[in-house]
Amino acid sequence: MAGDSLSSVFVNPSFSLYHSKARALPRNQCGSSWRHTEPGTKTTSLPIIRAARKEDIVIVGAGIAGLATAVSLHRLGLRSLVLEQAESLRTGGTSLTLFKNGWRVLDAIGVGSELRSQFLEIQGMVIKSEDGRELRSFKFKDEDESQEVRAVERKVLLETLADQLPPDSVYFNSKLTNISKSEGGETMLELVDGTRLSAKIVIGCDGIRSPIAKWMGFPDPKYVGHCAFRGLGFYPNGQPFEPKVNYIYGRGLRAGCVPVSPTKVYWFVCFNRSSPGPKINDPSELKKQAKELVRNWPADLLNIMDQTPDDTIIRTPLVDRLLWPAISPPASSGRVVLVGDAWHPMTPNLGQGACCALEDAVVLARKLANAVKSGSSSVEDALSSYGSERWPRVFPLSIRANLVGSLLQWENPVVCSVRNDVVIPKLVRLGPLLAHTNFDCQPL
Ligand SMILES: Cc1cc2nc3c(=O)[nH]c(=O)nc-3n(C[C@H](O)[C@H](O)[C@H](O)COP(=O)(O)OP(=O)(O)OC[C@H]3O[C@@H](n4cnc5c(N)ncnc54)[C@H](O)[C@@H]3O)c2cc1C
């Protein structure tokens, strides 16, 4: 599609949308509704046919990828509409550790300083065995002066990103239920309440179970054999921990914690399990199970778990999908493109899923804006070039995250003692381990 046909996408101050941030798309304003009738006949049993509402850029999913993409586009002068299935921004959840590549993106889109002021800078990393013995410690700046590590509350990150958008940009209760190609190269999106939107460009940011990825031919992500409990300990009078990431490695079991803010500490416990098992909704049962796994481990960890409000505890089966060359579909198909977990779900072993979703957002927005503004290149080419540029970045990282997870979840006692007594104390070097965080998205 040539850029000219998208000129209306540029933000026009006089353009008005109908809806407030917290409302769903009203069905009666999405296009005219009418019934086929014959004069003089009763009409009640005839079907309702709704014209589709026309949109230029629709982003599906108001997670990190969706909101960061919308903010990046907005900064470059392009307006988009974000559809989110939930009734509000995800307020639950714990925290995410963001490395310097993630912070560069947050700076590029203008929210870095605001977030930095709320979250502690993490100075280093300590690795212990399950009996509390220190195996190794590192200082991030000793390895790389430019490294920046902070754990950020997911809720605050989402709210900060959403606050950058013009009012009425995010539509809640708007679950995508069907997607299809329509005439003229546009894409038809159908929502759970029957609303239909015809979009020139669709950006799928709908997470690991992305219906858009499925429609594009991607297989479901694969369970990797371990699950993670996560929680956010709360210390109203101040938490007592040094600003370090703490890891404890056991056999087929590992745990960790990282201070987030002066009053909050994030923790996780990762354990092997042959299948994800049934979903547990009772948070006190989740806490009980998590504590049971590490009951003889260092007391600090159990203390943080005790300080954790039940409603912040979650259990997640870990999954990924490796984007094998010549086998996996490309990131885009025509004017539909995937960003973040929808495209490259990876295990959290490198702490890079959200960082990469942020990187994707800026790279895609820049290419899309250039195509629209210059009019000299097509949108399809821009989306395809985004996929080609990002694939060599995300494919090796997904593989590495998977391998690191397998190594750390080993159960064999001999292998675990070699890992704890030789590899970690003598062989591991933090610099090369974190070389993937050197990615610099450049200012927008
Ligand atoms: C245990 C664990 C720990 C992690 N730790 C880190 C870390 O330390 N650092 C890091 O960088 N990353 C980490 N990650 C990865 C990170 O959480 C993800 O990569 C990141 O959340 C991806 O963001 P996203 O926006 O692509 O997807 P999501 O955050 O899943 O957002 C998708 C959004 O789409 C919406 N949606 C889905 N389907 C539809 C639909 N049909 N219609 C409308 N809306 C829809 C959802 O409701 C959701 O709001 C971790 C992941 C796990 C599981």
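## A hairpin to start with

Strands β10 and β11 make a hairpin in which five residues lie between the two strands. In its turn, glycine 184 has a positive phi of about 75 degrees. The strands themselves, β10 at residues 176–181 and β11 at residues 187–191, pair in the antiparallel sense over five bridges. One pair to look for is leucine 176, whose bridge partner in β11 is leucine 191.

## The chain as a whole

Please keep in mind while you browse that this is a predicted model. The chain holds twelve helices and 19 strands. Of its 444 residues, 43% are buried. Among contacts with a separation of 6 or more, 76% are between residues 24 or more positions apart.

## The seven-stranded sheet

An open sheet is built from seven strands, and its order is β7-β6-β14-β15-β16-β13-β17, with mixed pairing. At the edges are β7 (134–139) and β17 (314–320), each of which pairs on one side only. On average, with direction ignored, neighbouring strands of this sheet are turned by 20 degrees against each other. As general background, strands of a sheet pair through backbone hydrogen bonds, either parallel or antiparallel.

Both senses can be found here. Starting from the β7 edge, β6 and β7 run antiparallel and are joined by five bridges. Valine 126 has serine 137 in β7 as its bridge partner. These two strands also form a hairpin, with four residues between them, and glycine 132 in the turn has a positive phi of about 90 degrees. On to the next neighbour: β6 and β14 run parallel, joined by six bridges, and glycine 124 is partnered there by lysine 244 of β14. Towards the other edge, β13 (residues 222–234) and β17 pair in the antiparallel sense over six bridges. Cysteine 227 stands opposite proline 317 in β17.

## Helices on the sheet

Helix α7 (residues 283–293) packs on this sheet and touches β13, β15 (253–259), β16 (264–272) and β17. The direction of α7 makes about 70 degrees with that of β16.

Helix α11 (residues 413–427) lies across β6 (124–129), β7 and β14 (244–249). The angle of α11 to β7 is about 20 degrees.

## Helix α9 and its partner α1

How far apart are the end C-alpha atoms of helix α9? They are 32 Å apart, which agrees with the 32 Å that the 22 residues of α9 (residues 353–374) should span at 1.5 Å a residue. Because 19 of those 22 residues are buried, α9 is largely enclosed by the rest of the structure. Just after the helix comes glycine 375, with a positive phi of about 70 degrees.

Packed helices are described by the angle between their axes and the distance between the axes. For α1 (residues 64–75) and α9, the axes come within 8 Å and cross at roughly 30 degrees. The crossing in which α1 passes α9 is right-handed. On the α1 side, the contact is made by Ile64, Ala65, Ala68, Thr69, Ser72 and Leu73. Residues on the α9 side include Ala354, Leu358, Asp360, Val362 and Leu368. Sorted by class, this contact has 13 nonpolar, two polar and one charged residues.

## Cysteine 441

Cysteine 441 sits in the segment after α12 (430–433). Is this residue buried or exposed? It has 21 C-beta neighbours inside 10 Å and therefore counts as buried.

Setting aside neighbours within four places in sequence, cysteine 441 is in contact with Arg104, Val105, Ala108, Glu359, Val362 and Val363. The C-alpha atoms of cysteine 441 and aspartate 360 are separated by 9.1 Å, although the two residues are 81 residues apart along the chain.

## Two loop residues with positive phi

Most residues other than glycine have a negative phi. Aspartate 168 is not a glycine, yet has a positive phi of about 70 degrees. Its place is the loop between α5 (154–163) and β9 (170–171). Aspartate 168 counts as partly exposed because there are 14 C-beta neighbours inside 10 Å.

Alanine 326 also has a positive phi of about 70 degrees although it is not a glycine. You will find alanine 326 in the loop between β17 and β18 (332–333). With 4 other C-beta atoms within 10 Å, alanine 326 is exposed.

Key: Residues are numbered from 1 along each chain as its sequence is written. This is a predicted model: local features need pLDDT of at least 70, side-chain atom pairs count only at pLDDT 80 or more; totals for chains, interfaces and linings use all residues. Two strands pair if DSSP finds at least two bridges between them. The expected span of a helix is 1.5 Å times one less than its number of residues. A residue is buried if 20 or more other C-beta atoms lie within 10 Å of its own, exposed if 12 or fewer, and partly exposed in between; C-beta atoms are placed from the backbone. Two residues are in contact if their C-beta atoms, placed from the backbone, lie within 7 Å. Axes are lines fitted to C-alpha atoms, for helices over the stretch in contact, and angles run from 0 to 180 degrees between N-to-C directions. A crossing is left-handed if the near helix is turned anticlockwise from the far one by less than a right angle, and right-handed if clockwise. Ala, Val, Leu, Ile, Met, Phe, Trp, Tyr, Cys and Pro count as nonpolar, Asp, Glu, Lys and Arg as charged, and the others, Gly among them, as polar.
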